[in-house]
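Here are some short exercises to work through with the model open beside you. Try each task before reading its solution.

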Amino acid sequence: MSTIIDNFLYLGSIEDACTPSLLNELNITHIINLSLTRIILDKSYEILHIPLHDTLDEYIIDHFQQANQFIEKCQDKNGRCLVFCKHGRSRSVAIVIAYLIAHHGHSLSSAYLFLSNIRRTISPNQNYLNQLNKYSSQMEQIRSPVIYS
């Protein structure tokens with residue numbers, strides 16, 4: 001499991017999510033599960049399950065806002081959030097990059113570089129990268145004021 005932001009946001013695999021001792025050690029309170037497998041944990045965790053396939057036709061962009069809101073809610077409660085998929089390389093990476101774009105002002109390239117320096121095994125599929133590029137452009141338009149002449 002990798003710490004992404006200040007002991008608040010974590011990125012990992014299904015193996016990490018299914019290791020209660022690790023979740024307890026890191027004081028994880030919120031979990032975003034992007035794998036197809038539903039995991040069973042005790043009721044102390046808030047879990048958002050978005051079952052996605054790691055394929056070139058999966059439409060992940062529709063889930064960015066929901067995941068971002070869940071992460072924000074966790075942060076507002078001073079919790080800790082684990083975002084995971086099967087191996088912690090593609091689906092979960094796309095969600096964390098979308099969060100970095102929307103809430104930390106990153107471009108796609110800076111978010112990718114930031115994340116790859118922390119977790120060397122990231123490898124979001126090209127479909128997700130294309131959607132993240134679109135999302136990054138949308139967020140840039142929202143952040144940039146429109147100037148009328």
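## Exercise 1: two helices crossing

The crossing of H4 and H5 is right-handed (the near helix is turned clockwise from the far one by less than a right angle; anticlockwise would be left-handed). Before going on, note that this is a predicted model, in which local features need pLDDT of at least 70 and side-chain atom pairs count only at pLDDT 80 or more, while totals for chains, interfaces and linings use all residues. Residues are numbered from 1 along each chain as its sequence is written, and side-chain values use heavy atoms, with hydrogens and water left out.

**Task.** Describe the packing of H4 and H5, and find which residues make the contact.

**Solution.**
- Step 1: the axes of H4 (residues 91-104) and H5 (residues 108-118) come within 9 Å and cross at roughly 125°. Axes are lines fitted to C-alpha atoms, for helices over the stretch in contact, and angles run from 0 to 180 degrees between N-to-C directions. Helices (H or I, at least four residues) and strands (E, at least two) are DSSP runs, numbered from the N terminus.
- Step 2: that angle makes H4 oblique to H5 (under 35 degrees is roughly parallel, over 145 roughly antiparallel, 65 to 115 roughly perpendicular, the rest oblique).
- Step 3: H4 contributes Val93, Val96, Ile97, Leu100 and Ile101, and H5 contributes Leu108, Ala111, Tyr112, Phe114 and Leu115; contact means heavy atoms within 4.5 Å.
- Step 4: sorted by class, this contact has ten nonpolar, no polar and no charged residues.

## Exercise 2: the other partner of H4

**Task.** At what angle do H3 and H4 pack?

**Solution.**
- Step 1: H3 (residues 64-76) meets H4 at about 70°, with the axes 9 Å apart.
- Step 2: H3 is therefore roughly perpendicular to H4.
- Step 3: the contact residues include Phe64, Ile71 and Glu72 of H3 and Ala94, Tyr99 and His103 of H4.
- Step 4: by class, the contact has eight nonpolar, three polar and one charged residues.

## Exercise 3: the sheet

**Task.** In what order do the strands lie, and which stand at the edges?

**Solution.**
- Step 1: five strands form an open sheet, ordered S1-S2-S5-S3-S4, with mixed pairing; two strands pair if DSSP finds at least two bridges between them.
- Step 2: S1 (2-5) and S4 (46-49) are at the edges with a single partner strand each, so one side of each has no neighbour in the sheet.
- Step 3: neighbouring strands are turned by 25° against each other on average, direction ignored.
- Step 4: S1 pairs with S2 (residues 9-13) in the antiparallel sense over three bridges, and Thr3 stands opposite Tyr10 in S2.
- Step 5: H3 packs on the sheet, touching S2, S3 (30-33), S4 and S5 (81-85), and its direction makes about 165° with that of S3.

## Exercise 4: a loop residue

**Task.** Which residues does Lys77 touch, not counting those up to four places away in sequence?

**Solution.**
- Step 1: Lys77 lies in the loop between H3 and S5.
- Step 2: Lys77 touches His30 and Glu46.

Notes
Nonpolar A, V, L, I, M, F, W, Y, C, P; charged D, E, K, R; others polar.
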